[in-house]
Amino acid sequence: MAQQVREIMTSAPVSVEPGTSVVEVARRMRDEDIGAVLVTEGERVRGLVTDRDLVVRVLSEGGDPDQHSVKEACSADLVSVSPDDE
C-alpha cells in the first residue's frame, strides 16, 4: 500500500532567507542534525539547499564561505507535492 507524503515529511522544516551566509546555514544544519534547508522569502519558498549543495556549489570553488550566500548554492527549480499525495 502506498504511503501519503504526510507520513514521511518533516512537519516543521528549517528555513533561511536567500541572503543567509553558507556558514550560517551549515551551522544550522549541524545544530539541527539535518541535511536540507528551505530558502524562503516571507511565506514563499524560493529554493532548497542541501549539505551537498554547499560543498559542490560553493566550498569547492574556494574563497571565503562567509562571503557567499545560500542563494548561490540552492536549487531553485523545485517540484512540490501535497501532503495528501501518494
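The following exercises, each with a worked solution, concern a predicted model of a single protein chain.

**Exercise 1. The overall layout**

Work out how many helices and strands the chain has, and in what order the elements run from the N terminus.

*Solution.* Begin with the count, which gives two helices and three strands. Next, follow the chain from its N terminus, along which the elements appear in the order β-α-β-β-α. To place this fold in space, take the C-alpha atoms along the principal axes, where they fill a box of roughly 50 × 25 × 20 Å. Finally, turn to burial and contacts: of the 86 residues in the chain, 26% are buried, and among contacts with a separation of 6 or more, 52% are between residues 24 or more positions apart.

**Exercise 2. The sheet and its edges**

Determine the order of the strands in the sheet, and explain why E1 and E3 each have one side without a neighbour.

*Solution.* The first step is to read the order, which is E1-E2-E3 in an open sheet of three strands with mixed pairing. The second step is to look at the ends of that order: strand E1 (15-16) and strand E3 (44-50) each have a single partner strand, and therefore one side of each is left without a neighbour in the sheet. The third step is to examine one of the pairings, that of E1 with E2, which run parallel and are joined by two bridges. Within E2, Leu38 is the bridge partner of Ser15.

**Exercise 3. The nonpolar core**

Identify the residues with the most contacts inside the largest nonpolar core, and say which elements give two or more residues to this core.

*Solution.* The largest nonpolar core has 13 residues, and Val25, Val37, Val49 and Leu54 are those with the most contacts inside it. Two or more residues come from each of helix H1 (22-32), strand E2 (36-41) and H2, with H1 giving the largest share, three residues. As a check on one core residue, take Val37 and leave aside its neighbours within four places in sequence; its contacts then include Val25 and Val49, and also Met29, Val14 and Val16. This fits a wider tendency: in soluble globular proteins, nonpolar side chains tend to be buried together.

**Exercise 4. Leu48 and Asp53**

Decide for Leu48 and for Asp53 whether the residue is buried or partly exposed.

*Solution.* Leu48 lies in strand E3, and because its relative accessible area is 28%, Leu48 is partly exposed. Asp53 is found in helix H2, and its relative accessible area of 12% falls under the 20% limit, so Asp53 is buried. The two residues can then be linked through their contacts, not counting residues up to four places away in sequence: Asp53 touches Leu48, Val58, Ala73 and Ser75, while the contacts of Leu48 include Asp53, Ser75, Cys74 and Leu78, as well as Val37 and Leu38.

**Exercise 5. A nonpolar patch on the surface**

Find which residues form a nonpolar patch with Leu59, and explain why Leu59 counts as partly exposed.

*Solution.* Leu59 is found in the segment after helix H2 (51-58). Its relative accessibility is 44%, which lies between the limits of 20% and 50%, and therefore Leu59 counts as partly exposed. On the surface, Leu59 forms a nonpolar patch with Val55 and Val56, and together these residues have about 240 Å² of accessible area. For the chain, the accessible surface comes to about 6,100 Å², of which 46% belongs to carbon and sulfur atoms.

Terms used
Residues are numbered from 1 along each chain as its sequence is written. This is a predicted model: local features need pLDDT of at least 70, side-chain atom pairs count only at pLDDT 80 or more; totals for chains, interfaces and linings use all residues. Side-chain values use heavy atoms; hydrogens and water are left out. Patches are made of residues with over 30% relative accessible area and no salt bridge: like charges are joined within 9 Å, nonpolar side chains (Val, Leu, Ile, Met, Phe, Trp, Tyr) within 5 Å. Accessible areas come from the Shrake-Rupley method with a 1.4 Å probe; for residues, only the protein chains shown count as cover. A salt bridge is a side-chain nitrogen of Lys or Arg within 4 Å of a carboxyl oxygen of Asp or Glu. Helices (H or I, at least four residues) and strands (E, at least two) are DSSP runs, numbered from the N terminus. Buried means under 20% relative accessible area, exposed over 50%, partly exposed in between (1.4 Å probe, protein chains only). A nonpolar core is a set of buried Ala, Val, Leu, Ile, Met, Phe, Trp, Tyr and Cys residues joined through side-chain atoms within 4.5 Å. Contact means heavy atoms within 4.5 Å. Two strands pair if DSSP finds at least two bridges between them.
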